[in-house]
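This report describes the fold, the charged side chains and the packing of one protein chain. The sequence and the model come first.

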Amino acid sequence: ALERFRRIYGRTGTPSPEDNAWRQFRRDQVTALVRRVYLASAAVKPAVKISAATITFAPGITSTAQWTSSAAYSDVLQDWRAWMQEGILDLN
């Protein structure tokens, strides 16, 4: 993943854990995995429902505008709102 990140972003070295591009890259990798699991499962059994025990750490958010500052999105790198909207996660 680090080599892929360096190649895509033209970087060297190891990014800081707080580096926004690095965080987004890692979040995108998790989303790609969820998507692959969903598509592979649906190909075998079209009626399958994909569920995940996702992170909902406190403090909770009170508006969708706060989503990107939530622990699930920013710290754990789970963009489960997008997974639900895309339809690659059926139950959350």
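In this predicted model, the protein chain has four helices and zero strands. Read from the N terminus, the order of elements is α-α-α-α. Along the principal axes, the C-alpha atoms occupy a box of roughly 45 × 35 × 20 Å. Of the 92 residues, 29% count as buried. The accessible surface is about 6100 Å², and carbon and sulfur atoms account for 56% of that area. Taking contacts between residues at least 6 apart in sequence, 46% join residues at least 24 apart.

**Helix α2**

Helix α2 covers residues 20–44. With 25 residues at 1.5 Å a residue, α2 should span 36 Å, and its end C-alpha atoms are indeed 36 Å apart, so the two values agree. The buried residues of α2 are Ala21, Trp22, Phe25, Arg27, Thr31, Val34 and Ala42. An α-helix has 3.6 residues a turn, so residues three or four places apart point the same way. The cover over the buried residues of α2 includes α1 (2–9), α3 and α4.

**Charges and salt bridges**

The protein chain carries 12 positive and 8 negative charges, and the mean positions of the two sets are 5 Å apart. The whole structure contains four salt bridges. Among them are the three pairs tabulated here, each with its closest N to O distance.

| Acidic residue | Basic residue | Closest N to O distance |
|---|---|---|
| Asp19 | Arg11 | 2.4 Å |
| Asp75 | Arg23 | 3.7 Å |
| Glu86 | Arg35 | 2.7 Å |

The salt bridge between Arg11 and Asp19 brings together a partly exposed residue, Arg11, at 32% relative accessibility, and a buried one, Asp19, at 17% relative accessibility.

Asp75 and Arg23 form a salt bridge with N and O atoms 3.7 Å apart. This pair links distant parts of the chain, with Asp75 in the loop between α3 (71–74) and α4 (80–86) and Arg23 in helix α2, 52 residues apart. Asp75 is exposed, with a relative accessible area of 55%.

Glu86 and Arg35 meet in a salt bridge at 2.7 Å. Here too distant parts of the chain are linked, since Glu86 lies in helix α4 and Arg35 in helix α2, 51 residues apart. Both side chains belong to partly exposed residues: the relative accessible area is 42% for Glu86 and 29% for Arg35.

**Arg27, buried without a salt bridge**

Which side chain of opposite charge is nearest to Arg27? That side chain is Asp79, 5.8 Å away. A salt bridge needs a side-chain nitrogen within 4 Å of a carboxyl oxygen, and Arg27 has no salt bridge although this residue is buried. Leaving aside neighbours within four places in sequence, the contacts of Arg27 are Tyr73, Ser74, Leu77 and Asp79. Asp79 therefore counts as a contact of Arg27, where heavy atoms within 4.5 Å suffice, while the distance between the two side chains is 5.8 Å.

Arg27 can be set beside the other arginines of α2 described above. Arg35, also in helix α2, is partly exposed and is paired with Glu86 in a salt bridge. Arg23, likewise in helix α2, is paired with Asp75. Arg27 is listed with the buried residues of α2 and is without a salt bridge.

Terms used:
Residues numbered from 1 in each chain as written. Predicted model: local features only at pLDDT ≥ 70, side-chain atom pairs only at ≥ 80, totals over all residues. Heavy atoms only, no water. Helix = DSSP H or I, 4+ residues; strand = E, 2+ residues; numbered from the N terminus. Buried < 20%, exposed > 50% of the residue type's maximum accessible area, 1.4 Å probe, protein only. Lys, Arg positive; Asp, Glu negative; His and termini not counted. Areas by Shrake-Rupley, 256 points an atom, 1.4 Å probe, with all protein chains shown as cover. Charge placed at Lys NZ, Arg CZ, Asp CG, Glu CD. Expected span 1.5 Å × (residues − 1).
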